[in-house]
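Colleague: I have just opened this entry and would like to understand the words people use for it. Could you walk me through them?

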Amino acid sequence: MTTPYRAIQWTKQKAYFDLALLCAVFLYLTLFTAISLARIARPDYPEIGAVVSRALATLALLLLHFVLAIGPLSRINPAFVVLIPHRRHLGVVMFLVAMAHAGLSTVLRHTGGVLNPLASIVLGNGQIVSPGEWPFEVFGLAALIVLAAQAATSHDFWIAYLSPEGWKRLQMLGYVAYALILVHAVLGVVRESRNPLFAILLIAGMVVLLLLHRKAAAIEWARDRETGIPDSEGYIPVCPPEHIPLGRARIVRVGNERVAVFRYWQGISAVSNVCPHQCGPLGEGGMVAGCVRCPWHGAIFFPQNGLAPPPNDQCVPTFPVKLVDGCIYVGPAPFPLGYESHPLPVPGQKGRAASVAGQIQSERGVVSSQRKPAGLELPAETAGEEI
Ligand code: HEM
């Protein structure tokens, strides 16, 4: 990205979401603490601290479930796609809550002894006398380190720095953190010999997450299996043009890649299904003012050459397409990045002489974001800002 670094760019929608999230966090912590303390006759300070720590811990875990569920949910039902742009703020809030729990627990349990707090966490406070005394907090500490790395690299700057694939891999470590937290929480509850209901809820949460991911994966596998037999040039059959609604795409598997074949006013173009911003599924989005729009964060690209409108400098690979016997075929290899291809004309479909996207493209290089045509809202993401 060549645009200036801005730490946080709140849109109205994001500000409302964050406000609602903070209210929910406050409400949960207050209710959990009040209800738990009401059951203790005369709580002393350490007891109050332990209750607040548990309120923070359970809230962090709840938020983590929510963060991990948004991806598969949006695959299963597009209505959940609206949550994707909020996933990053949710993740950061979850990390801050987890950190508050870790900090409070450390103060309560590891600051009064001879060992320094970190050594005390790792060595289990020197109290390991039976398997129940395992230093379960080490797992929490390891999870916290992973979550910290993710929160620290959540800005778009890091996507450009680490590459979208590298950044995505780092985000996938969230599942490692989740596993560590499960072990930490289960061992912690066992050690404290508390009501097993919490352990049952933990397992239920894990099962729900597994089922959601399985269902989302099954949808993708089913789509991949639909891939037809390539012709002599290696082109993959897609479908007749009329099977793709105007302004939408059909996703097909081409080799190891997924390609989104879009039908729009000028004809048909094919782009990689992977958005270079955060690897969102471009083909599940629609088109705005002649541009392909990623459903996750609203990054937009010209379908003919894969370039993003200025000032963004991202680019998505495009693929050759042809029409044979009324069926669209997509080529096996992408064009060189930024290659200007012509949309494949659709017989019987009247194209607009000059689309908004066409106008911008012809002006590309001199157009500025101030001169963007009416109706083409360039989202914050496409200008390289935090989302
Ligand atoms: C340095 C890091 C951490 C330390 C020292 C720590 C410490 C503790 C302690 C002492 C308990 C038992 C509390 C009790 O039952 O009264 C606990 C439980 C728990 N911790 Fe952590 N923790 C850490 C990190 C984390 C992280 C990153 C998470 C992420 C969500 C987490 C989630 C939980 C959960 C869900 C429980 C069970 C809550 C319950 O007892 O009801 N912990 N932790």
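Colleague: What makes up the shell around the ligand, by class of residue?

Modeller: Happy to help, and please keep in mind that this is a predicted model. By class, the shell around the ligand holds 15 nonpolar, eight polar and four charged residues. There are 27 residues around the ligand, and the closest are Ala57, Ala60, Ala102, Ser105 and Gly140. Helices H2 (45-76), H3 (87-110), H5 (137-152) and H8 (174-191) are the elements that give two or more residues to this shell.

Colleague: Which element gives the most to the shell around the ligand?

Modeller: That is H2, with eight residues.

Colleague: Thr58 lies in helix H2. Why is Thr58 called partly exposed?

Modeller: Thr58 has 19 C-beta neighbours inside 10 Å. A residue is buried if 20 or more other C-beta atoms lie within 10 Å, exposed if 12 or fewer, and partly exposed in between. The value of 19 falls in between, so Thr58 counts as partly exposed. Thr58 is also 9.5 Å from Val97, C-alpha to C-alpha, while the two are 39 residues apart in sequence.

Colleague: How do you know that helix H9 lies largely in the open?

Modeller: The number of buried residues in H9 is zero out of 29, so the helix lies largely in the open. H9 covers residues 197-225 and reaches 42 Å from its first C-alpha to its last, close to the 42 Å expected at 1.5 Å a residue.

Colleague: And what makes strand S3 mostly covered?

Modeller: Six of the eight residues of S3 (residues 257-264) are buried. A buried residue has 20 or more other C-beta atoms within 10 Å of its own.

Colleague: How many bridges join S2 to S3?

Modeller: Seven bridges join strand S2 (residues 248-254) to S3, and these strands run antiparallel. Two strands pair if there are at least two bridges between them, so S2 and S3 qualify with seven. Arg250, for example, has Val261 of S3 as its bridge partner. The two strands form a hairpin with two residues between them, and Gly255 in the turn has a positive phi of about 60 degrees.

Colleague: What is on the way from S3 to strand S4?

Modeller: Another hairpin, again with two residues between the strands. S3 and S4 (residues 267-272) pair in the antiparallel sense over six bridges. Val259 stands opposite Ser272 in S4.

Colleague: Which residues have the most contacts inside the largest nonpolar core?

Modeller: They are Val261, Phe262, Phe301, Val321 and Val330, in a core of 37 residues. Its largest share, five residues, comes from S3. A second core, of 27 residues, lies apart from that one and has Leu61, Val93, Ala98 and Leu187 among its members.

Colleague: What is Val330 in contact with, leaving aside its neighbours within four places in sequence?

Modeller: Its contacts include Tyr235, Val252, Val261, Ala270, Phe319 and Val321. Contact here is taken as C-beta atoms within 7 Å.

Colleague: Which are the edge strands in the open sheet with the order S5-S6-S7?

Modeller: The edge strands are S5 and S7, as each pairs on one side only. That sheet has three strands with antiparallel pairing. S5 and S6 pair over two bridges, and Val288 stands opposite Cys291 in S6.

Colleague: What is unusual about Ala289, which is not a glycine?

Modeller: Ala289 has a positive phi of about 50 degrees. Most residues other than glycine have a negative phi. Ala289 lies in the loop between strand S5 (287-288) and strand S6 (291-293). With 19 C-beta neighbours inside 10 Å, it counts as partly exposed.

Colleague: Asp325 also has a positive phi, of about 50 degrees. Is Asp325 buried or exposed, and how do you know?

Modeller: Asp325 has 7 other C-beta atoms within 10 Å. The cut-off for exposed is 12 or fewer, so with 7 Asp325 is exposed. Asp325 lies in the loop between strand S9 (321-324) and strand S10 (327-330).

Colleague: To finish, how many of the 387 residues count as buried, as a percentage?

Modeller: Of the 387 residues of the protein, 33% count as buried. The secondary structure comes to ten helices and ten strands.

Definitions and conventions
Residues numbered from 1 in each chain as written. Predicted model: local features only at pLDDT ≥ 70, side-chain atom pairs only at ≥ 80, totals over all residues. Near = placed C-beta within 6 Å. Helix = DSSP H or I, 4+ residues; strand = E, 2+ residues; numbered from the N terminus. Nonpolar A, V, L, I, M, F, W, Y, C, P; charged D, E, K, R; others polar. Core = buried A, V, L, I, M, F, W, Y, C linked by C-beta atoms within 7 Å. Contact = placed C-beta atoms within 7 Å. Expected span 1.5 Å × (residues − 1).
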